[in-house]
Amino acid sequence: MNEIIKAMKERRSIRKFKAEIPDKKDIDAIIEAGLYAANGKAHQESIIIAVTNKELRDKISKDNCKIGGWDEKFDPFYGAPVILIVLDEKDWPNHVYDGSLVIGNMMLAAHSLGLGSIWIHRAREEFETDFYKKLLKDLGIEGEYVGVGHCAIGYIDGEAPEAAPRKSGRVYYV
């Protein structure tokens, strides 16, 4: 079977990660795969913030948990030590689509390197707050950006789950 299609069929969302941070070369390769995602009119406005600093990672987790309405002890990133946050230009009409493709590419890249990943929402709400707007400013990021999502990555703690059977009746030929 074609390796790309095989990876698409095998990749699963991981909900338990080891604390060990993956090698920087692997993180960089995952980010690069995201930057090669298809995007409308070759606009290439999606940006990625790679969070490997544990203190900031834990703050993002706490804030994300609060937005989600969960118990404060819950980690919505399931212990993943790296969070790749995807944002896109707020006024670009394709921002959600372009950013989504970036995250999809990164999840497949992580899988291809033997790492686990999971897409976590609520980046939009985070980056509407003053703290995260200041973070962008501190990073030298100019302009108006909207959070599309988080790609949490790390080493899988345990076994990757099996794919659920695919529902039938979802394809129509004309």
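What distance should the 15 residues of helix H3 (residues 54–68) span at 1.5 Å a residue, and how far apart are its end C-alpha atoms? The expected span of H3 is 21 Å, and its end C-alpha atoms are 21 Å apart, which agrees; the expected span of a helix is 1.5 Å times one less than its number of residues. The model is predicted, so that local features require pLDDT of at least 70 and side-chain atom pairs count only at pLDDT 80 or more, whereas totals for chains, interfaces and linings use all residues. Residues are numbered from 1 along each chain as its sequence is written, and side-chain values use heavy atoms, with hydrogens and water left out. Helices (H or I, at least four residues) and strands (E, at least two) are DSSP runs, numbered from the N terminus.

At the start of H3, a side-chain oxygen of Asn53 comes to within 3.0 Å of the backbone nitrogen of Glu55. Within H3, the buried residues (under 20% relative accessible area, 1.4 Å probe, protein chains only) are Arg57, Ile60, Ser61, Asp63, Asn64 and Cys65. Their cover includes E1, E2, E3, helix H5 (123–126), helix H6 (130–138) and E4. Just after H3, Gly69 adopts a positive phi of about 80°.

The four strands form an open sheet in the order E1-E2-E4-E3, with antiparallel pairing; two strands pair if DSSP finds at least two bridges between them. E1 and E3 are the edge strands, each pairing on one side only. On average, neighbouring strands of this sheet are turned by 25° against each other, direction ignored. E1 and E2 are joined in the antiparallel sense over five bridges, and Ile47 stands opposite Leu87 in E2. Helix H2 packs on the sheet and touches (heavy atoms within 4.5 Å) E1, E2 and E4. The direction of H2 makes about 20° with that of E2, where axes are lines fitted to C-alpha atoms, for helices over the stretch in contact, and angles run from 0 to 180 degrees between N-to-C directions. H4 also packs on the sheet, touching E1, E2, E3 and E4, and its direction makes about 10° with that of E4.

The buried residues of H4 include His95, Gly99, Ile103 and Met107. Asn105 also lies in helix H4 and, at 28% relative accessibility, counts as partly exposed, a class between 20% and 50%. Not counting residues up to four places away in sequence, Asn105 touches Ala33, Gly34, Tyr36 and Ala37. Just after H4, Gly114 takes a positive phi of about 80°.

Conventions:
Polar contact = N/O pair within 3.5 Å; in protein donor to acceptor, adjacent residues only side chain to side chain.
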